[in-house]
Amino acid sequence: DDCEDGNENIRAVSGRSGLWYTTTDKGTDTPAPGTSIMMPLHPAGDTGMAPESRRAFHVTATVTGTRAIVGIDLVDPNPAPKKIYDASSYKGIRFYAKATTDPVPIRVQFPVAATDRSVGDCNPSTSATTNRCDDHFSTIPDELTLTTEWTQYSVLFADAVQEGWGLNDLDGFTPDKLVSIHFRIEEDADIWLDHVEFIPAD
């Protein structure tokens with residue numbers, strides 16, 4: 001999605017029809033979870049953004065728990081449960097991003113049918129000790145840090161790994177069962193995201 005339509009709906013192409021959203025276990029996000037999202041114009045004097053970009057996703061997160069998440073559902077999640085998207089014709093994603101003031105480490109996560117609590121393969125109970133949800137395939141901690149300059153980043157599916165505390169997907173990462181894309185923030189942050197797109201497979 002290039003955010004140029006100004007709203008939370010991702011670009012409807014190749015079977016995709018989902019939404020941008022925010023969520024957090026504690027703390028606060030702006031825009032707040034469950035509210036409509038509008039894509040603001042770039043601030044005056046902003047430079048280095050994606051070509052021809054006028055708008056981008058902007059979030060301010062105050063993290064008092066473990067994380068805040070900017071998510072993109074790839075298929076319209078209404079009505080529940082969330083839907084699976086076949087991304088097997090792609091090898092990863094790329095996106096533009098920047099931090100407003102200080103560099104911010106983030107993690108890119110790929111919830112799939114086995115790890116997403118809304119789809120049903122894992123145990124969604126908060127007291128579960130086995131097969132727990134949310135151990136998504138992702139970049140490793142501290143691997144990706146946003147700077148205060150607009151930069152294009154690429155994340156390949158082949159490099160995504162689980163941490164090992166939740167349901168272990170023995171099939172490995174399964175892009176044909178992709179549910180969402182998460183940008184996980186683990187400290188207070190003010191960041192911008194733009195031009196999120198899949199990388200075609202070779």
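How far apart are the mean positions of the positive and negative charges of this protein? They are 3 Å apart, with 16 positive charges and 32 negative ones. Keep in mind that this is a predicted model.

Now the fold. The protein has 11 strands and 0 helices, so there is little to remember when you read the elements from the N terminus: β-β-β-β-β-β-β-β-β-β-β. The radius of gyration is 16 Å, and the globule rule gives 17 Å for 202 residues, so the protein is as compact as a globular protein of that length. Along the principal axes, the C-alpha trace spans about 50 × 40 × 35 Å.

Next, the contacts. Take those in the protein with a separation of 6 or more: 79% of them join residues 24 or more positions apart.

On to the inside. Of the 202 residues, 47% are buried. In soluble globular proteins, nonpolar side chains tend to be buried together. Here the largest nonpolar core has 47 residues, and Trp20, Phe95, Phe110, Phe183 and Phe198 have the most contacts inside it. Several strands each supply at least two residues of this core, including β5 (90-99), β6 (104-110) and β11 (189-200). Apart from it lies another core, of 5 residues, among them Trp150 and Trp192.

One residue of the largest core to look at is Phe198. Leaving aside neighbours within four places in sequence, Phe198 is in contact with residues including Arg16, Leu74, Tyr85, Phe157 and Ile181.

Last, the outside. The protein exposes about 9,600 Å², and carbon and sulfur atoms supply 50% of that area.

Key. Residues numbered from 1 in each chain as written. Predicted model: local features only at pLDDT ≥ 70, side-chain atom pairs only at ≥ 80, totals over all residues. Heavy atoms only, no water. Core = buried A, V, L, I, M, F, W, Y, C linked by side-chain atoms within 4.5 Å. Buried < 20%, exposed > 50% of the residue type's maximum accessible area, 1.4 Å probe, protein only. Helix = DSSP H or I, 4+ residues; strand = E, 2+ residues; numbered from the N terminus. Contact = heavy atoms within 4.5 Å. Rg over C-alpha atoms; globule rule 2.2 N^0.38 Å. Areas by Shrake-Rupley, 256 points an atom, 1.4 Å probe, with all protein chains shown as cover. Lys, Arg positive; Asp, Glu negative; His and termini not counted. Charge placed at Lys NZ, Arg CZ, Asp CG, Glu CD.
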